Amino acid sequence: MESTVSTEPAVDVMLSVNGTARPLRLDSRVTLLDALRDELDLTGTKKGCDQGACGACTVLLDGKRVLSCLTLAAQSEGREVTTIEGLAPAGRLHPVQEAFVRHDGFQCGYCTPGQIVSAVALLREGRAGSDEEIREFMSGNLCRCGAYPNIVAAIREVADRGCD
């Protein structure tokens, strides 16, 4: 006879996401990506490879880039999580988002949220000194459509304007 009692270890987690405290009760093995998408309905962060190889799930954790598919939600407690939805005030675009539109830095758009979040962090880190440096520090974010030249141009524009 099968037991219907759950043996999954549940934990209470208070996540600060895009400036809002969000209490959750989760299986302790739930990734930040799955908590964002499945529990908080923040679906801008994409699930690509689910193995940390593509960068589609990139979010900021205390301002630093992390792959949310490799980060447990419980590890994020007490830290600020910023997703693509939280980059700019409501109704406005972040300068990087605006530049991606101007330079057509997306084609199918699937990788775009991770690309933009990563680009925001790259600019804040001061890693946009040259196109080669941009390519190097964006190399963890893959684009199957091949929009790389446009992505670099968008980041270059924002870097040259001195805003992030």
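## Cavity and pocket

The structure holds 1 cavity of 30 Å³ or more, and this report reads it from a predicted model. The volume of the largest cavity is about 30 Å³, and its lining is made up of Leu33, Lys46, Lys47, Gly48, Cys49, Asp50, Cys54, Ala56, Cys57 and Cys69. By residue class, the lining of the largest cavity divides into 6 nonpolar, 1 polar and 3 charged residues. As a general point, rolling a probe the size of a water molecule over the atoms shows where empty space is left.

The largest pocket encloses about 200 Å³ of space. Its lining residues are Gly48, Cys49, Cys54, Gly55, Ala56, Cys108, Tyr110, Cys111, Leu142, Cys143, Arg144 and Cys145, and they divide into 9 nonpolar, 2 polar and 1 charged. Gly48, Cys49, Cys54 and Ala56 are found in the lining of the largest pocket and also in the lining of the largest cavity.

## The nonpolar cores

The largest nonpolar core has 24 residues, of which Val96 and Ile155 touch the most other members. Helices H2, H3 and H5 (148-161) each supply at least two residues of this core, and H3 gives the most to it, with 7 residues. Once its neighbours within four places in sequence are left aside, Val96 is in contact with Ile116, Ala119, Val120, Leu123 and Val158. Apart from this core lies another, of 15 residues, among them Leu32, Leu42, Val66 and Ala73. In general terms, nonpolar side chains tend to be buried together in soluble globular proteins.

## Helix H1 and its surroundings

The buried residues of H1 are Leu32, Leu33, Asp34, Ala35 and Leu36, and these buried residues pack against strand E1 (10-17), strand E2 (20-27), E3 and E5. Two of the leucines also appear in features described above: Leu33 is one of the residues lining the largest cavity, while Leu32 is among the members of the core of 15 residues.

Leu32 is also one of the contacts of Ser76, a residue placed in the loop between strand E4 (64-67) and strand E5 (80-82). Ser76 counts as buried because its relative accessibility is 0%, and, when residues up to four places away in sequence are not counted, Ser76 touches Leu15, Leu32, Leu61, Thr71 and Val81.

## Two aspartates with positive phi

Most residues other than glycine have a negative phi, and against that background two aspartates deserve a separate note. Just after H1, Asp41 takes a positive phi of about 55 degrees; Asp41 is found in the loop between helix H1 (32-39) and strand E3 (58-61). Is this residue buried or exposed? With a relative accessible area of 61%, Asp41 is exposed, because a value over 50% counts as exposed.

Asp104 likewise has a positive phi, of about 50 degrees, although it is not a glycine. The place of Asp104 is in the loop between helix H2 (95-102) and helix H3 (112-124), and H2 and H3 are among the helices that each supply at least two residues of the largest nonpolar core. At 40% relative accessibility Asp104 counts as partly exposed, because its value falls between the limits of 20% for buried and 50% for exposed.

Methods: Residues are numbered from 1 along each chain as its sequence is written. This is a predicted model: local features need pLDDT of at least 70, side-chain atom pairs count only at pLDDT 80 or more; totals for chains, interfaces and linings use all residues. Side-chain values use heavy atoms; hydrogens and water are left out. On a 1 Å grid over the protein atoms alone, a cavity is a set of points where a 1.4 Å probe fits but cannot get out, and a pocket is an open set with protein on both sides within 12 Å along at least five of seven lines; lining residues have an atom within 4 Å of a point. Grid points are joined across faces, edges and corners, and a volume is the space filled by probe spheres set on the points. Ala, Val, Leu, Ile, Met, Phe, Trp, Tyr, Cys and Pro count as nonpolar, Asp, Glu, Lys and Arg as charged, and the others, Gly among them, as polar. Helices (H or I, at least four residues) and strands (E, at least two) are DSSP runs, numbered from the N terminus. Buried means under 20% relative accessible area, exposed over 50%, partly exposed in between (1.4 Å probe, protein chains only). A nonpolar core is a set of buried Ala, Val, Leu, Ile, Met, Phe, Trp, Tyr and Cys residues joined through side-chain atoms within 4.5 Å. Contact means heavy atoms within 4.5 Å.
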